[in-house]
Amino acid sequence: MQGDVQESGRDETPEERADRKWIDLLQEIRVAQTGVQILFGFLLTVVFQPSYRRLSDADQALYMVTIVLGATAVGALVAPVAFHRIVTGRFIKPEAVAWASRLTLLGLLLLLLTMTAALLLVLRTATQDDGYVPWIVAGVAGLYILWWLVIPTVLRMRLGRHRPGSSAADEREAE
């Protein structure tokens, strides 16, 4: 059976499009999963260091928040794999791809928060005068937001306008 020619120039069926998007998403997740799992692994070791007990109550609370953020980031970034395993063979790949994409975006947002909290904890611990630390952390978080959210969103808005002959529903379905 011949596939549907999309405005993008691809000749693929909805199932082929879902397969392609799934493969693309898995490649993206592999990059993020590795980083978040390494970060989380290092964070898990902090509590077992003798110097942990010398942290202030505020820094211990910040550590606990960071660990929970890291755990949820790992969970959200691993969820698409579990999701795919459970729904495989149920002929719902387009829906699975959409949910996996949402979970990946959630995982990236949680990773942003984890990295920001971890940076704040490390810089507070490493410096005696933390008056400038929040500014450094805010600057780094701002860069993450710029690189991960603002630039892609602006590019999508500028260059991802509705293609001629397509509707908003077609564009949402193509995501």
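## Close-up views of a predicted model

**Figure 1. The largest nonpolar core has 19 residues.** Let us start inside this predicted model. Within the core, the residues with the most contacts are V36, Y63, I67, A73 and L110. Which elements give two or more residues to this core? They are α1, α2 and α3, the last of these covering residues 93–126. The top contributor is α2, which gives eight residues. As a general rule, nonpolar side chains in soluble globular proteins tend to be buried together.

**Figure 2. V36 and its contacts, with a second core elsewhere.** Zoom in on V36 and look for G70, A73, V74, L77 and L111: V36 touches each of them, when residues up to four places away in sequence are not counted. Apart from the largest core lies another one, made of six residues. Among them are A18, L25, V97 and A100.

**Figure 3. Y52 and Y63 form an aromatic pair.** How many aromatic pairs does the model hold? The count comes to two. In the pair shown here, the rings of Y52 and Y63 are 5.3 Å apart, centre to centre, with 65° between their planes, and the pair is edge-to-face. Y52 lies in the loop between α1 (14–46) and α2 (57–87), while Y63 belongs to helix α2, so the pair ties together parts that are 11 residues apart in sequence. If you go from C-alpha to C-alpha instead, the distance between Y52 and Y63 is 9.6 Å. Are these two residues buried or exposed? Y52 counts as buried because its relative accessibility is 5%, and Y63 is buried with a relative accessible area of 5%. You met Y63 in Figure 1, as one of the residues with the most contacts inside the largest nonpolar core.

**Figure 4. The surroundings of Y52, in the loop between α1 and α2.** Which residues are in contact with Y52, once its neighbours within four places in sequence are left aside? They are V46, V47, Q60 and Y63.

**Figure 5. Y144 and W148 form a stacked pair.** The ring centres of Y144 and W148 are 5.2 Å apart and their planes meet at 20°, so this pair is stacked. Both residues sit in helix α4 (residues 133–159); because they are four residues apart there, about one helical turn separates them. Y144 counts as buried at 15% relative accessibility, whereas W148 is partly exposed, with a relative accessible area of 32%.

**Figure 6. R102 lies over the face of W99.** Here an arginine and a tryptophan come into view. R102 is placed at 4.9 Å from the ring centre of W99.

**Figure 7. E12 makes a polar contact with R20.** Find E12 in strand β2, which spans residues 11–12. E12 counts as buried, because its relative accessibility is 8%. The side chains of E12 and R20 make their polar contact at 2.7 Å.

**Figure 8. The whole chain, for orientation.** Now zoom back out. The protein chain has five helices and two strands, and from the N terminus on its elements run β-β-α-α-α-α-α. Of its 175 residues, 30% count as buried. Among contacts between residues at least 6 apart in sequence, 65% join residues at least 24 apart. The chain exposes about 11,500 Å², and carbon and sulfur atoms supply 66% of that area.

Conventions
Residues are numbered from 1 along each chain as its sequence is written. This is a predicted model: local features need pLDDT of at least 70, side-chain atom pairs count only at pLDDT 80 or more; totals for chains, interfaces and linings use all residues. Side-chain values use heavy atoms; hydrogens and water are left out. Rings of Phe, Tyr and Trp (its six-membered ring) pair if their centres lie within 6.5 Å; planes under 30 degrees apart count as stacked, over 60 as edge-to-face and the rest as tilted. Buried means under 20% relative accessible area, exposed over 50%, partly exposed in between (1.4 Å probe, protein chains only). A charge sits over a ring if NZ of Lys or CZ of Arg is within 6 Å of the ring centre and within 35 degrees of the ring normal. A nonpolar core is a set of buried Ala, Val, Leu, Ile, Met, Phe, Trp, Tyr and Cys residues joined through side-chain atoms within 4.5 Å. Contact means heavy atoms within 4.5 Å. A polar contact is a pair of N or O atoms within 3.5 Å; within protein, one must be able to donate a hydrogen and the other to accept it, and residues adjacent in sequence count only if both atoms are side-chain atoms. Accessible areas come from the Shrake-Rupley method with a 1.4 Å probe; for residues, only the protein chains shown count as cover.
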